[in-house]
Amino acid sequence: MNWKSFILGATVGVIGGYAVKEIISTKSVVSPEKVLDHVRKQFKQNGPISGSWIHMKTEPYEKQQIHYHVYKGGISKVNNGENEQYEFIADASTGTLLDVRELRKAQEPVY
């Protein structure tokens, strides 16, 4: 076997492998299950959770003029006998929480 052919083939293989790795890593997202697990762990630090959910598909989202693909979901927990519900937005490519807000109950009308 000619050494020049071997070295050329090995070089092309290494460059091709690196290119494929880069393409896959830029298009990959964290699974929604892993994101929900991460969010649940964060909320459990402040008490037990009574329920949680997450949308399985990513959505476009903009925060401070930066564009993301995100998962949206929610967490329910009981605090001092009151049910509290939170909505969260997490970056789909890293799983990082971008926003959390408490959902307020509508006040009952006074007659």
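This passage describes the nonpolar core, the aromatic pair and the surroundings of Lys-77 in a predicted model. Local features were considered at pLDDT of at least 70 and side-chain atom pairs at pLDDT 80 or more, whereas totals for chains, interfaces and linings use all residues. Residues are numbered from 1 along each chain, and side-chain values rest on heavy atoms, without hydrogens and water.

The largest nonpolar core (buried Ala, Val, Leu, Ile, Met, Phe, Trp, Tyr and Cys residues joined through side-chain atoms within 4.5 Å) has 12 residues, among them Val-35, Phe-43, Ile-49, Tyr-71 and Tyr-86. Two or more residues each come from helix H2 (32-44), strand S3 and strand S4 (82-91); H2 gives the most, with four. Helices (H or I, at least four residues) and strands (E, at least two) are DSSP runs.

One aromatic pair is present (ring centres within 6.5 Å). The ring centres of Phe-43 and Tyr-86 lie 5.3 Å apart with planes at 55°, so the pair is tilted (neither under 30 degrees, stacked, nor over 60, edge-to-face). Phe-43 in H2 and Tyr-86 in S4 are 43 residues apart. Phe-43 is buried at 12% relative accessibility and Tyr-86 at 17%, buried being under 20% relative accessible area with a 1.4 Å probe, protein chains only.

Lys-77, in strand S3 (residues 66-79), touches both Phe-43 and Tyr-86 (heavy atoms within 4.5 Å). Lys-77 is buried but has no salt bridge (side-chain nitrogen of Lys or Arg within 4 Å of a carboxyl oxygen of Asp or Glu); the nearest side chain of opposite charge, Glu-84, is 5.8 Å away. The Lys-77 side chain reaches the backbone oxygen of Asn-46 at 3.2 Å.

How values were computed. Buried means under 20% relative accessible area, exposed over 50%, partly exposed in between (1.4 Å probe, protein chains only). Lys and Arg count as positive and Asp and Glu as negative; His and the chain ends are not counted. A polar contact is a pair of N or O atoms within 3.5 Å; within protein, one must be able to donate a hydrogen and the other to accept it, and residues adjacent in sequence count only if both atoms are side-chain atoms. Rings of Phe, Tyr and Trp (its six-membered ring) pair if their centres lie within 6.5 Å; planes under 30 degrees apart count as stacked, over 60 as edge-to-face and the rest as tilted. Lists of a residue's contacts leave out its neighbours within four places in sequence.
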